[in-house]
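Student: I am new to this structure and would like to learn how to read it feature by feature. Could you take me through it slowly?

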Amino acid sequence: MEKIDSILDGYKEVVAKITTVDTEGLIKYFKLDSDDPAVLEEALKQMWARAGSLEISVVQAVQKGDFKEKAELEAEVREIRRLEIMTHDKIRELKNKA
């Protein structure tokens, strides 16, 4: 693993540029800044559908040999998954306060 890390060390900036995701854009798009559990639960459904579509697109990108697109799509999937976890936690907190 250290050998791989040392090889990739010189490419950190390039990888960071490729895999940058607009988190704020995703939050606004899915309305994750809402304090309404119903809105957030609907957002979870939409995020789940988006992640599924992206995963299909990842397979298609690999088949085309477009590994840059693959990396970008996978980065968005990872960010959506992270936001899903945060949204579940937020829903739980909001429901506990009510």
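Tutor: Let us begin with the term helix: helices (H or I, at least four residues) and strands (E, at least two) are DSSP runs, numbered from the N terminus. The expected span of a helix is 1.5 Å times one less than its number of residues. Please keep in mind that this is a predicted model, in which local features need pLDDT of at least 70 and side-chain atom pairs count only at pLDDT 80 or more, while totals for chains, interfaces and linings use all residues. Residues are numbered from 1 along each chain as its sequence is written, and side-chain values use heavy atoms, with hydrogens and water left out.

Student: How many helices and strands does the protein chain have?

Tutor: The protein chain has five helices and zero strands, so that from the N terminus on its elements read α-α-α-α-α.

Student: What span does helix α4 reach from its first C-alpha to its last?

Tutor: Helix α4, which covers residues 37-64 and has 28 residues, reaches 40 Å, close to the 40 Å expected. Glycine 65, with a positive phi near 80°, follows α4.

Student: What is found at the start of α4?

Tutor: Here the idea of a polar contact helps: a pair of N or O atoms within 3.5 Å, where within protein one must be able to donate a hydrogen and the other to accept it, and residues adjacent in sequence count only if both atoms are side-chain atoms. At the start of α4, a side-chain oxygen of aspartate 36 comes to within 3.0 Å of the backbone nitrogen of alanine 38. Another case involves aspartate 89, which is placed in helix α5, and whose side chain is joined to that of arginine 92 by a polar contact of 2.5 Å.

Student: Which residues of α4 are buried?

Tutor: Buried means under 20% relative accessible area, exposed over 50%, and partly exposed in between (1.4 Å probe, protein chains only). The buried residues of α4 are Leu40, Ala43, Leu44, Met47, Ala51, Leu54, Val58 and Ala61, and they pack against α3 (23-30) and α5 (67-97). Across the protein chain, buried residues make up 23% of the 98 residues.

Student: Which elements give two or more residues to the largest nonpolar core?

Tutor: A nonpolar core is a set of buried Ala, Val, Leu, Ile, Met, Phe, Trp, Tyr and Cys residues joined through side-chain atoms within 4.5 Å. The largest one has 17 residues, and Phe30, Leu32, Met47 and Ile80 have the most contacts inside it. The elements that give two or more residues to this core are α3, α4 and α5, and the largest share, eight residues, comes from α4.

Student: Which residues does phenylalanine 30 touch?

Tutor: Contact means heavy atoms within 4.5 Å. Not counting residues up to four places away in sequence, phenylalanine 30 touches Ala43, Gln46, Met47 and Arg50. By the same kind of reading, glutamate 76, in helix α5, touches Val21, Leu26, Arg50 and Leu54, again not counting residues up to four places away in sequence. Glutamate 76 counts as buried because its relative accessibility is 16%.

Student: Why does lysine 31 draw attention, given its positive phi?

Tutor: Most residues other than glycine have a negative phi. Lysine 31, in the loop between α3 and α4, has a positive phi of about 60° although it is not a glycine.
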